[in-house]
Amino acid sequence: DLESDKVVIEQFLHGREASLIVATDGTRVVPLVSSHDYKRLCDGQVGPNTGGMGTVSPSNHITAAQEQWAIDNIIHPVLKEMRQRGTPFRGFLYAGLMISDDGAVNVLEFNSRMGDPECQSLMRRYEGDLGELLFALSGSADSLPKLSWSAASVVCVVLASEGYPENPVKGDEIFGMELASSIPGVVIFHAGTTMAAGKFTTAGGRVLNVTATGSDVTEARTRAYRAADMLQFRGVQFRRDIGM
């Protein structure tokens with residue numbers, strides 16, 4: 001039997017997840033457009049947790065008012081505390097949020113990066129100069145640039161290897177790259193791949209991120225899944241409900 005003089009009780013959070021990602025030079029904050037991801041391996045949010053099996057941008061999980069509340073009450077206080085500790089934060093700050101049914105916003109996690117696979121969706125919508133933004137975030141500019149975004153919707157579908165997330169299989173040849181990439185609006189990001197003898201092979205758990213743009217989420221996900229079905233490697237697995 002285990003004995004302890006301390007018991008930690010955590011509040012159970014129920015709702016829908018959303019990713020709030022901001023660019024900051026330590027004081028000034030510029031929010032990126034909304035997105036949300038899908039953590040569970042299988043359709044219907046079942047199976048083991050993963051690093052993310054897909055994303056959608058813009059997200060219908062968070063309102064503009066909730067986003068502003070989170071910036072004022074979560075992002076800015078964190079940055080203020082970092083400055084007070086003498087370790088100001090510059091870069092991309094990622095807050096994984098849980099939006100409850102009554103509209104309350106809670107933080108699930110923080111990351112000091114743009115997020116994966118959220119970043120892939122966001123980069124498909126970003127219309128500015130990424131180098132200019134990164135330069136400003138380093139503290140080398142007088143102001144942060146105004147960010148410009150496409151009005152398009154983006155769906156990202158992650159293709160994972162057999163055995164992911166516990167024991168991913170590696171070394172299988174990937175087929176269909178050129179054909180899938182030829183679909184209008186589709187861009188494929190490499191995640192866990194390598195090239196051997198002129199052929200792409202799997203080299204990680206999350207192998208490819210298939211992104212597609214569209215005038216709405218329906219068009220974007222139709223294109224993304226058309227491309228995903230053209231990509232083949234042994235044991236490939238991906239969710240069929242991203243963006244539904």
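Which residues of helix 3 (residues 130-140) are buried? In this predicted model, L133, A136 and L137 are the buried ones, where buried means under 20% relative accessible area, exposed over 50% and partly exposed in between, with a 1.4 Å probe and protein chains only. Seen down the axis of helix 3, its buried residues fall within an arc of 100 degrees, so they line one face of the helix; the arc is taken from the directions that lead from the helix axis to the C-beta atoms. Helices (H or I, at least four residues) and strands (E, at least two) are DSSP runs, numbered from the N terminus.

The model is predicted, and local features need pLDDT of at least 70, side-chain atom pairs count only at pLDDT 80 or more, and totals for chains, interfaces and linings use all residues. Residues are numbered from 1 along each chain as its sequence is written, and side-chain values use heavy atoms, with hydrogens and water left out.

The buried residues of helix 3 pack against strand 1 (16-24) and strand 7 (91-99), contact being defined as heavy atoms within 4.5 Å. Helix 3 lies across these two strands and runs at about 95 degrees to strand 7. Axes are lines fitted to C-alpha atoms, for helices over the stretch in contact, and angles run from 0 to 180 degrees between N-to-C directions. At the N-terminal end, helix 3 is capped by D129, which has a side-chain oxygen 2.9 Å from the backbone nitrogen of G131.

Strand 1 and strand 7 belong to an open sheet of 4 strands in the order 2-1-7-8, with antiparallel pairing. Two strands pair if DSSP finds at least two bridges between them. The edges are formed by strand 2 (29-31) and strand 8, each of which pairs on one side only. On average, neighbouring strands of this sheet are turned by 35 degrees against each other, direction ignored. Strand 7 has 9 of its 9 residues buried, so it is largely enclosed by the rest of the structure. It is joined to strand 1 by 9 bridges, and S19 stands opposite G96 in strand 7. A further 6 bridges join strand 7 to strand 8 (residues 105-111). Across this second pairing, L97 has V107 as its bridge partner, and I99 stands opposite V105.

The hairpin of strand 7 and strand 8 has 5 residues between the strands, and G103 takes a positive phi near 95 degrees there. S100 lies in the same loop between strand 7 and strand 8. Not counting residues up to four places away in sequence, S100 touches H14 and G15. The C-alpha atoms of S100 and G15 are separated by 4.2 Å, although the two residues are 85 residues apart along the chain. The side chains of S100 and D102 are joined by a polar contact of 2.3 Å. A polar contact is a pair of N or O atoms within 3.5 Å; within protein, one must be able to donate a hydrogen and the other to accept it, and residues adjacent in sequence count only if both atoms are side-chain atoms.

A second passage of chain, the loop between strand 2 and strand 3, contains S34. At 13% relative accessibility, S34 counts as buried. Its contacts, not counting residues up to four places away in sequence, include V56, S59, L122 and R125. The side chain of S34 reaches the backbone nitrogen of S59 at 2.9 Å.

Another open sheet is formed by 5 strands in the order 3-6-9-13-10, with antiparallel pairing. Its edge strands are strand 3 (36-37) and strand 10, each pairing on one side only. Strand 3 is joined to strand 6 (residues 54-57) by 2 bridges, and D37 stands opposite T55 in strand 6. Helix 5 packs on this sheet, touching strand 6, strand 9, strand 10 and strand 13, and its direction makes about 140 degrees with that of strand 13.

The largest nonpolar core has 24 residues, of which V157, L159, L208 and L231 touch the most other members. A nonpolar core is a set of buried Ala, Val, Leu, Ile, Met, Phe, Trp, Tyr and Cys residues joined through side-chain atoms within 4.5 Å. Among the elements that each supply at least two residues of this core are strand 9 (153-160), strand 13 (206-214) and helix 5 (217-230). Helix 5 gives the most, with 5 residues. Leaving aside neighbours within four places in sequence, the contacts of V157 include M53, L208, A224, F238 and I242.
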